[in-house]
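Let's go through a structure together, the way you might over coffee. The learner asks how to read a feature, and the teacher answers.

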Amino acid sequence: MAKLILILGDQLSLSLSALQVADKDTDIIVMAEVAEEGTYVRHHPKKIALILAAMRKFAEQLRAEGWTVAYTRLDDAENTGSIAEEILRRAAQSGADEVIATTPGEWRLIRHLQSLPLKVSLRPDTRFIATRADFNDWAEGRKQLRMEYFYRKMRRKTGLLMEGDNPAGGKWNYDQENRKAPPKDIRAPGPMQFTPDDETEEVLDLVERRFGDHFGDLRPFHFAVTRADALRAMAHFIRHGLPLFGDYQDAMMTGQKWLYHSVLSPYLNIGLLQPMELCVAAEEAWKAGDVPLNAAEGFIRQVLGWREFVRGIYFLEGEDYPQRNVLGHDRALPPLYWGAETGMHCLSQAVSQTREEAYAHHIQRLMVTGNFALLAGIDPQEVHEWYLAVYADAFEWVEAPNTVGMSQFADGGIVGSKPYVSSGAYINRMSDYCKSCAYSVSRKVGEGACPFNLLYWHFLDRHRERFSANPRMGNMYRSWDRMDAEKRAQILEEADAFLAGLEAGGTV
Ligand code: FAD
Ligand code: SF4
């Protein structure tokens, strides 16, 4: 009897494990554009368009390769609106009683599929470099899960940047060389951009009609929507971006949305690119002498280390992970995250480019929008939903550990050993933002003091019990304790006043 082979919008890879066991002659591939997936959080229109356009192209490719594809378009009259209902409809149409899928990257969808009144086989997602068993075996019995050690295991497993048993160049990590402030006249190449063809234009019109009221600019739309174009974007990055990727990895500059970042995560996360091919391309560029070791290592660490590590955490920790809130933060996400005016230039830069591009690079996400939310005590659930909605690369397996764990410390220290908090000084060191800000980064208190300066101490003070014994935070508490009592009281008072203003919905 025919089986249904489900392919989700982030599973657009010919190597997909579900396809490996399917029979071209008898089985039916089910792909569906459904309203539920576009609205369970209000995704950025560019993200929805990327996924729908890439799904349509992938379905065409599958048909060209001889597969039977039952494809539901968003506007089809019979569209039932959810993945589960679409599977049932296709099963009734075809008489199939079995569904094969590659395990989704989100507990919500796994549970939907498991609750279907059909035989459902979920196959492992083999597009990752670490299997779930690799990660779980490594994690078992460890008191603390630290990415750096997992990364070393992955270097050994893959042989990437290895010279025998030793890391290439003698060190596992070249991060010390990767924290340069950018020169004023920096001219970063930016990602390769693509002009939408007629089919993609059709998707853009559809997304405009159906999701035009979501936060984010749909046009101009420049993402690649096929593997062939994603491969071009990858080659462009390796040649033009990677050589300086390491040096300016943590830098931020007004009006410079991309710097030397790859902007390949949307393609990786929907399956147009594979993580291993990206790592191999970076390693080859280093071997050929085209990029320095600190760049190749820094980049490979993100893909082979962080990306695989956070996925391991997501599945190891289980379904309640995105709801965790160990710091008890409960303030509402302020309107400035949705583009309301703010005098804080760093936040306005990060949010406006997020609206325009459905993209911000890691340090903007971590040390600007994330840092501010953590310092201000925003409810991590609201922060999580914001990140999941606004970035083109956001899928829960990767977004939740980064947001709930790394950025908000809401998991109590599973992803990171200390909270990523900083005063304005860090942002000033790594960017040119402070020069154009309504606030003064050098002012610690009083009129015009940078809110990050006030909130930083407020955060440390209100979480003293939890963090003062953390060996990586002792210096911070010693600096706070050395300040005279009057100044400390003033900082806390001004921070409270700022937070009250934020809560009242005023412009900050
Ligand atoms: P580059 O800087 O060019 O890095 C290369 C690749 O490394 C990326 O494409 C990505 O695949 C991988 N990578 C780098 N850092 C991480 C990381 N911490 N976790 C996983 N992969 C990483 N990444 C997502 O893919 N989806 C998300 O939803 C997401 N949400 C985030 C939320 C927060 C609060 C933070 C702090 C980070 C988040 N990240 C997320 C990680 C990282 O910011 C993005 O992967 C990166 O900015 C993507 O841009 P890029 O392709 O230009 O990355
Ligand atoms: Fe951001 Fe403070 Fe700098 Fe303004 S002064 S850009 S708020 S860090």
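**Cores and salt bridges**

Q: Before we start, what is Met31 in contact with, and how do I read "contact"?

A: Contact means heavy atoms within 4.5 Å. Leaving aside neighbours within four places in sequence, Met31 is in contact with Ile7, Leu12, Met55, Phe58, Ala59, Leu62, Val69, Ala70, Tyr71 and Thr72. Bear in mind that this is a predicted model, where local features need pLDDT of at least 70 and side-chain atom pairs count only at pLDDT 80 or more, while totals for chains, interfaces and linings use all residues. Residues are numbered from 1 along each chain as its sequence is written, chains are lettered from A and ligands numbered from 1 in the order in which they are written, and side-chain values use heavy atoms, with hydrogens and water left out.

Q: Which residues touch the most other members of the largest nonpolar core?

A: A nonpolar core is a set of buried Ala, Val, Leu, Ile, Met, Phe, Trp, Tyr and Cys residues joined through side-chain atoms within 4.5 Å. Buried means under 20% relative accessible area, exposed over 50%, and partly exposed in between (1.4 Å probe, protein chains only). Here the largest core has 158 residues, and Met31, Leu242, Tyr267, Phe309 and Phe372 touch the most other members. Helix α12 (residues 293-317) supplies the largest share of this core, 12 residues; helices (H or I, at least four residues) and strands (E, at least two) are DSSP runs, numbered from the N terminus. There is also a second, separate core of 19 residues, Leu4, Leu109, Leu113 and Leu116 among them.

Q: How many salt bridges does a search of the whole structure find?

A: Side chains of opposite charge can pair when their charged atoms come close. The cut-off is a side-chain nitrogen of Lys or Arg within 4 Å of a carboxyl oxygen of Asp or Glu, and the search finds 35.

Q: Why does the pair of Arg209 and Asp75 tie together parts apart in sequence?

A: Their closest N and O atoms are 2.9 Å apart. Arg209 sits in helix α8 (residues 198-211) and Asp75 in the loop between β3 (68-72) and α4 (83-94), so the pair links parts 134 residues apart in sequence. Arg209 is exposed at 58%, and Asp75 is partly exposed at 41%.

Q: Where do Glu148 and Arg152 lie?

A: Both are in helix α7 (residues 147-158), four residues apart, about one turn of the helix. Their salt bridge spans 3.7 Å, N to O. Glu148 is buried at 19%, whereas Arg152 is partly exposed at 23%.
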